[in-house]
Amino acid sequence: MRIEAGQVAVVTGAAGGIGYGTAQAFAGRGMSVVLADQDGARLAEGARSLREAGARVLAVPTDVRDLAAVQALSDAALTAFGRVDVVCNNAGVWTLGRQWETSAQQWAWVIDVNLWGVIHGVRTFVPLLLAQPGGGHIVNTASMGGMLGAALTGPYSATKHAVVGLTKGLLAELADTRVGVSLVCPGKVASGMLDHVAGPGDSDSDASGTATLGPRERAVLDTMRGAQAGAMSARDAGEHIASAVEHDRFWVLPGAQAHEPLLQRDFAELTTAFHPEATD
């Protein structure tokens with residue numbers, strides 16, 4: 001879609017990381033931005049910084065697990081700006097731990113934020129965009145974890161795989177409309193998520209640090225942090241996302257080049273599975 005001054009972007013998970021970087025990118029193109037996040041203090045600070053840079057901003061504390069809260073977010077955006085043109089379902093959380101040791105509460109928390117948050121965003125905003133003469137664009141954030149998967153990230157990887165499938169289906173369903181669809185699968189991006197991870201037995205309110213991680217989880221987290229050298233900034237990732245909206249690109253892979261060999265490996269294994277006689 002053509003991005004023009006006066007259009008409106010709604011971004012969840014916008015208090016920091018890729019969400020805030022995306023809001024910056026849209027604001028830099030003259031759009032008004034609606035920031036949504038559970039972290040009210042960081043949300044207010046981000047909104048203040050964008051306003052100081054000259055952007056029109058609305059901050060709406062939002063728990064994307066709650067459909068009524070997402071609908072209230074839509075209502076607030078329309079009341080403030082009269083329209084919504086781009087919606088980025090970006091909010092996400094994660095845990096580290098073996099799947100069978102992760103509590104049912106933690107599984108539910110990750111599923112509710114990462115998957116139901118996207119579902120609520122789609123169900124709330126797609127009808128609105130379809131009803132507009134100019135249409136709009138939906139952006140769903142998954143992860144390279146939704147393409148590959150990794151040990152000790154079961155709930156996160158499962159939900160991000162689900163977002164990939166959901167968004168591919170959404171693209172097909174909206175093919176003959178004026179509503180575009182993009183799927184973001186970040187790789188090495190300095191998003192801050194490595195500083196906010198819960199252990200397998202934490203409650204969702206404990207997921208703001210790493211104090212409860214065991215030695216196994218800490219070792220994996222340290223490896224992940226070590227691999228972040230040279231990571232793309234969240235601001236640059238936001239530029240990739242805004243550009244994808246402008247050029248109606250489905251796949252958005254900021255910082256994912258390092259994962260290409262692993263994806264090629266999976267594709268090669270899939271090809272072999274189709275033709276097992278070639279390896280017998």
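**Exercise 1. A backbone angle in a buried loop residue**

L152 is buried, with a relative accessible area of 12%. Work out where L152 sits and what is notable about its phi angle.

*Solution.* A word of caution before we start: this is a predicted model.

- Step 1. Check the accessibility class. Buried means under 20% relative accessible area, so the 12% of L152 qualifies.
- Step 2. Find the place in the chain. L152 belongs to the loop that runs between β5 and α5.
- Step 3. Read the backbone. The phi of L152 is near 70 degrees, a positive value in a residue that is not glycine.

**Exercise 2. A second positive phi**

Now do likewise for D248: find its loop, its phi and its accessibility class.

*Solution.*

- Step 1. D248 lies between α7 (234-246) and β9 (251-252), in the connecting loop.
- Step 2. Its phi is positive, about 55 degrees, although D248 is not a glycine.
- Step 3. With 48% relative accessibility, D248 counts as partly exposed, whereas L152 is buried.

**Exercise 3. A lysine without a salt bridge**

Locate K160, then say which side chain of opposite charge is nearest to K160 and which backbone atom its side chain reaches.

*Solution.*

- Step 1. Helix α5 (residues 154-173) contains K160.
- Step 2. K160 is buried and has no salt bridge. The nearest side chain of opposite charge belongs to D37, 12 Å away.
- Step 3. Compare with the cut-off: a salt bridge needs the side-chain nitrogen within 4 Å of a carboxyl oxygen.
- Step 4. Look for another partner. The K160 side chain comes to 3.2 Å from the backbone oxygen of T141.

**Exercise 4. Charged pairs**

How many salt bridges does the model have? Take the pairs E239 and R29, R48 and E45, and R98 and E101, and describe each.

*Solution.* Side chains of opposite charge can pair when their charged atoms come close.

- Step 1. The count comes to 13 salt bridges.
- Step 2. Begin with E239 and R29, whose side chains meet at 2.9 Å, N to O. E239 lies in helix α7 and R29 in the loop between α1 (17-28) and β2 (32-37), so this pair ties together parts that are 210 residues apart in sequence. E239 is partly exposed at 25% relative accessible area, and R29 is partly exposed at 24%.
- Step 3. Turn to R48 and E45, which form a salt bridge at 2.3 Å, N to O. They are three residues apart in helix α2 (residues 40-52), which means a separation of about one helical turn. R48 is partly exposed at 34%, as is E45 at 40%.
- Step 4. Finish with R98 and E101, where the closest N and O atoms of the salt bridge are 2.5 Å apart. R98 has a relative accessible area of 26% and is partly exposed; E101, at 37%, is partly exposed too.
- Step 5. Look for shared partners. R29, R235, E239 and E246 are joined into one network by salt bridges that share partners.

**Exercise 5. An enclosed space**

How many cavities of 30 Å³ or more are there? Name the residues that line the largest cavity and sort them by character.

*Solution.*

- Step 1. The count is one cavity of 30 Å³ or more, and the largest cavity holds about 30 Å³ of space.
- Step 2. Its lining consists of T12, V64, N89, N90, A91, V113, G117 and V118.
- Step 3. Helix α4 (residues 104-131) gives the largest share of this lining, three residues.
- Step 4. Four lining residues are nonpolar, four are polar and none is charged.

**Exercise 6. An open pocket**

Describe the second largest pocket: its volume, the residues closest to its centre and the make-up of its lining.

*Solution.*

- Step 1. The second largest pocket has a volume of about 380 Å³.
- Step 2. It is lined by 22 residues, and the closest to its centre are M1, G134, G135, G136 and R178.
- Step 3. Two elements give two or more residues to the lining, β5 (136-141) and β6 (179-184). The largest share, three residues, comes from β6.
- Step 4. Sorted by character, the lining of the second largest pocket has seven nonpolar, eight polar and seven charged residues. The lining of the largest cavity, by contrast, has no charged residues.

How values were computed. Residues numbered from 1 in each chain as written. Predicted model: local features only at pLDDT ≥ 70, side-chain atom pairs only at ≥ 80, totals over all residues. Heavy atoms only, no water. 1 Å grid on protein atoms, 1.4 Å probe; cavity = no way out; pocket = protein on both sides within 12 Å on 5 of 7 lines; lining within 4 Å. Points joined across faces, edges and corners; volume = space filled by probe spheres on them. Helix = DSSP H or I, 4+ residues; strand = E, 2+ residues; numbered from the N terminus. Nonpolar A, V, L, I, M, F, W, Y, C, P; charged D, E, K, R; others polar. Buried < 20%, exposed > 50% of the residue type's maximum accessible area, 1.4 Å probe, protein only. Lys, Arg positive; Asp, Glu negative; His and termini not counted. Polar contact = N/O pair within 3.5 Å; in protein donor to acceptor, adjacent residues only side chain to side chain.
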